[in-house]
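Q: Could you walk me through the cavities, the pocket and the sheets in this one?
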Amino acid sequence: MALRIGVDSGGTFTDVCLFDDETGKLDIWKVPSTPDDPSRGIADGVSEGLSTVGSTAAHVAFLGHGTTVATNALIELKGVATGLITTDGFRDLLEIGRQKRPSLYDMNAEKPETLVSRDRRQEVPERLKCDGSTDRSLDEEKLRAAVRKLAEEDVKAIAVCFLYGFLNSAHEQRVVDILRAEMPDVFISASHQVAPEFREYERMSTTVVNAYLGPVMQRYIDRLKLRLSELGVPVAPQLTQSNGGVIGFDMAAQLPVRTVLSGPSTGVVAAQAVGRLAGFDNIITFDVGGTSSDVALLQGGICKLTGEANVHGYPIKAPMLDIHTVGAGGGSIAFVDSGGLLKVGPRSAGADPGPVCYGRGNTEATVTDANIVLQTLNPVEILGGRMKVRRDLAIEAVQRLADQLGLGLMETAQGIISVVTANMAKAIRLISVQRGHDPRDYTLMAFGGAGPLHAARLAKELDMSRIIVPLTPGTLCALGLLLTDLRSDFAISRLMRVDQNAVEPMISGFQALEAQAGAWFDQEDIEAGRRVVNRTADMRYVGQNYELQVLVPAGMVGPDTLAALVNGFEQAHVQRFGFIAEGEAIQIVTLRLEAAGVVNKAELASLPDAGPSCEGAVIGSRQVYMDEAKDFLPCPVYAREKLKPGNRIAGPAIVEQMDTTTVILPDMQATVDPYLNLILETRA
């Protein structure tokens with residue numbers, strides 16, 4: 001027995017997937033998350049999962065892990081006391097930013113809290129020119145004085161970011177050397193190592209976020225290493241990055257800023273694999289957990305990377321899958337605002353105390369409580385019977401909202417679902433309609449613990465005609481860890497027009513990136529035959545403020561490469577903005593290289609057709625409130641694990657499994673495909 005284990009640690013539950021390489025058997029497990037110490041929940045999940053399949057830690061051949069530790073520390077501002085050393089005259093850049101208000105017409109909108117207070121931002125005389133040459137040498141005497149001031153402030157992390165440090169790292173590296181000698185216990189984050197790209201504010205913000213989160217991630221990784229070691233896990237664990245790949249724990253501890261989308265990214269990786277097997281190239285993923293919904297667009301089976309994102313108000317320049325998050329999940333709290341309107345989220349009941357129906361002391365109605373009242377969720381027990389729920393408490397909580405609104409109980413419960421559906425639809429329109437994609441041309445893939453529960457109504461809202469519900473939707477992010485490769489991304493900013501003069505700088509730039517990738521391959525002990533690299537370039541029209549990422553063809557850079565880049569850029573520009581600026585000069589801004597170490601992956605098997613009848617999967621019936629009828633309708637309840645390829649289900653119906661519940665509306669039918677995915681379609 002050789003087990004591959006994927007663990008996704010979320011805000012409410014920790015999901016575990018165990019795949020047996022020898023038998024192809026896939027088992028899933030859920031345990032409550034432990035927000036006070038997430039490593040405990042992970043160790044508990046792995047231990048219980050191994051016990052469930054009758055195995056031991058000695059049989060573990062791979063352990064991959066996705067986490068929200070960095071994300072939550074940033075959201076909740078629970079990082080460490082952080083200092084900043086920067087070029088003389090630039091310490092306020094972190095606070096000034098781009099001089100943009102968070103909401104243009106909201107005079108009361110608040111900017112996110114600055115992670116480094118002004119007294120902890122130290123300026124040092126030094127200056128580089130825009131070509132990277134030295135204008136003023138680093139003043140080491142004043143640097144040491146700045147370091148002493150930060151030591152007096154008892155900072156636990158220091159960010160180092162000099163103007164044009166991405167072109168010439170000599171000054172930043174000297175600061176790092178002095179800090180290691182003077183403050184050996186402090187976490188150091190230097191911009192040339194974290195984000196070696198142009199745009200000084202975004203580079204500084206990224207470097208500061210990395211420093212702010214560094215000690216938090218280090219403590220977490222140290223605890224998790226110890227717990228897994230005590231379990232007897234014999235392999236070095238891997239941690240998911242925001243780009244969908246995994247890296248070793250040591251690298252993750254150095255670059256925590258690259259893990260802020262650790263959890264959601266692996267769901268997208270799994271969605272790419274499931275969609276490819278199911279025969280669907282164009283997919284919009286819909287991942288709903290306890291606190292949020294994450295959506296992404298896959299065109300041609302691929303989710304694009306973005307080199308920059310705004311995460312909870314903080315600009316971050318790091319490679320990430322293009323995922324958009326909205327605060328709408330099963331634990332999102334419903335309330336009546338000052339204008340008397342029903343709102344849902346982004347505040348969440350989380351894992352503890354959780355929704356009212358959990359009976360742990362919460363009194364504010366959540367989305368899960370509304371589903372319990374409507375009986376779209378099992379009103380007696382969830383998680384395959386492992387957790388009992390209190391519908392009476394959920395009714396009381398929703399009734400209090402109904403009294404405030406002057407509405408009936410069921411009308412209010414359905415209103416909560418309608419509001420959260422609208423919030424989810426807004427997120428999908430942001431990544432599709434606003435970027436030139438019609439959601440009706442895409443298939444909705446629903447996963448996460450609550451994705452299949454809301455998918456049918458969301459598809460109806462967006463006029464989408466097809467939904468895929470994978471076999472293990474509630475643990476798909478954990479499964480994605482068994483389907484991804486080791487991966488790291490490298491970048492270098494080189495502003496140049498796309499003409500013959502760009503050939504040599506491109507060649508030298510990619511050679512530098514390939515050298516960095518080679519060192520990473522060696523560090524991760526990746527065999528030569530398993531090393532893969534892909535090149536892209538961020539491009540724009542000269543004077544434009546936003547770049548588009550374009551694939552760089554394989555092979556030696558030459559005139560044909562430049563022609564392919566221009567063509568690729570123009571196609572991308574038409575897709576995003578709807579036009580080509582004829583005659584305008586095109587510019588390359590940043591060269592990027594994606595390095596992947598191919599690993600053995602779990603393989604999902606195809607099964608033979610068993611015919612349309614699914615009577616053997618019926619486990620009961622219950623009355624479910626359907627908005628289409630404005631009343632309760634009798635719905636057969638099917639056990640997902642008893643469904644076979646070719647089975648067909650006519651709506652209205654409910655499909656239950658340990659990790660989620662799927663709602664099939666009256667005008668829909670569901671078919672089970674050869675990979676045991678549920679395909680929901682609107683009946684003609």
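A: Let me begin with the second largest cavity, where strand 5 (82-87) and helix 7 (200-231) each supply at least two residues of the lining. The model is a predicted one, in which local features need pLDDT of at least 70 and side-chain atom pairs count only at pLDDT 80 or more, while totals for chains, interfaces and linings use all residues. Residues are numbered from 1 along each chain as its sequence is written, and side-chain values use heavy atoms, with hydrogens and water left out.

Q: What counts as a cavity, a helix or a strand here?
A: On a 1 Å grid over the protein atoms alone, a cavity is a set of points where a 1.4 Å probe fits but cannot get out, whereas a pocket is an open set with protein on both sides within 12 Å along at least five of seven lines; a lining residue has an atom within 4 Å of a point. Helices (H or I, at least four residues) and strands (E, at least two) are DSSP runs, numbered from the N terminus.

Q: Which element gives the most to the lining of the second largest cavity?
A: Helix 7 does, with three residues. The full lining consists of T86, T87, F90, L93, C161, F162, L163, E200, R203 and M204, and by class it has six nonpolar, two polar and two charged residues. In that division Ala, Val, Leu, Ile, Met, Phe, Trp, Tyr, Cys and Pro count as nonpolar, Asp, Glu, Lys and Arg as charged, and the others, Gly among them, as polar.

Q: How much space lies in the second largest cavity?
A: About 40 Å³, where a volume is the space filled by probe spheres set on the grid points, which are joined across faces, edges and corners.

Q: And how many cavities of 30 Å³ or more are there?
A: The count comes to two, and the largest cavity holds about 80 Å³ of space. Its lining is made by N371, L374, T376, Q414, I417, L453, H454, R457, V663 and L665. Helix 10 (367-374), helix 12 (409-431) and helix 13 (451-462) are the elements that give two or more residues to this lining, with helix 13 giving the most, three residues. The lining residues of the largest cavity divide into five nonpolar, four polar and one charged.

Q: Back to strand 5, what is the order of the strands in the sheet that holds it?
A: That open sheet of four strands has the order 6-5-9-10, with parallel pairing, where two strands pair if DSSP finds at least two bridges between them. Strand 6 (121-124) and strand 10 stand at the edges with a single partner strand each, so one side of each is left without a neighbour in the sheet. Neighbouring strands of this sheet are turned by 20° against each other on average, direction ignored, the axes being lines fitted to C-alpha atoms (for helices over the stretch in contact) and angles running from 0 to 180 degrees between N-to-C directions.

Q: How many bridges join strand 5 to strand 9?
A: Five bridges join these two parallel strands, and I85 has V160 as its bridge partner in strand 9. Strand 5 also pairs with strand 6 in the parallel sense, over four bridges, and there the partner of I85 is Q122.

Q: Is strand 9 (residues 157-161) buried or exposed?
A: Strand 9 is mostly covered, since five of its five residues are buried, meaning under 20% relative accessible area (exposed is over 50%, partly exposed in between, with a 1.4 Å probe and protein chains only). A157, A159 and C161 point one way from strand 9, while I158 and V160 point the other way. In a regular strand the side chains alternate between the two faces of the sheet.

Q: What about the other side, towards strand 10?
A: Strand 9 is joined to strand 10 (residues 187-190) by four bridges, running parallel, and V160 stands opposite A190 there. Strand 9, helix 5 (residues 170-182) and strand 10 make a right-handed β-α-β unit, where right-handed means that, with the strands pointing away from the viewer, the path from the first strand over the helix to the second runs clockwise.

Q: Changing topic, which residues lie nearest the centre of the second largest pocket?
A: They are L26, D27, L471, T472 and L676, out of 32 residues that line this pocket, in which about 750 Å³ of space lies. Strand 3 (26-32) is one of the elements that supply at least two lining residues, and the largest share, four residues, comes from strand 3.
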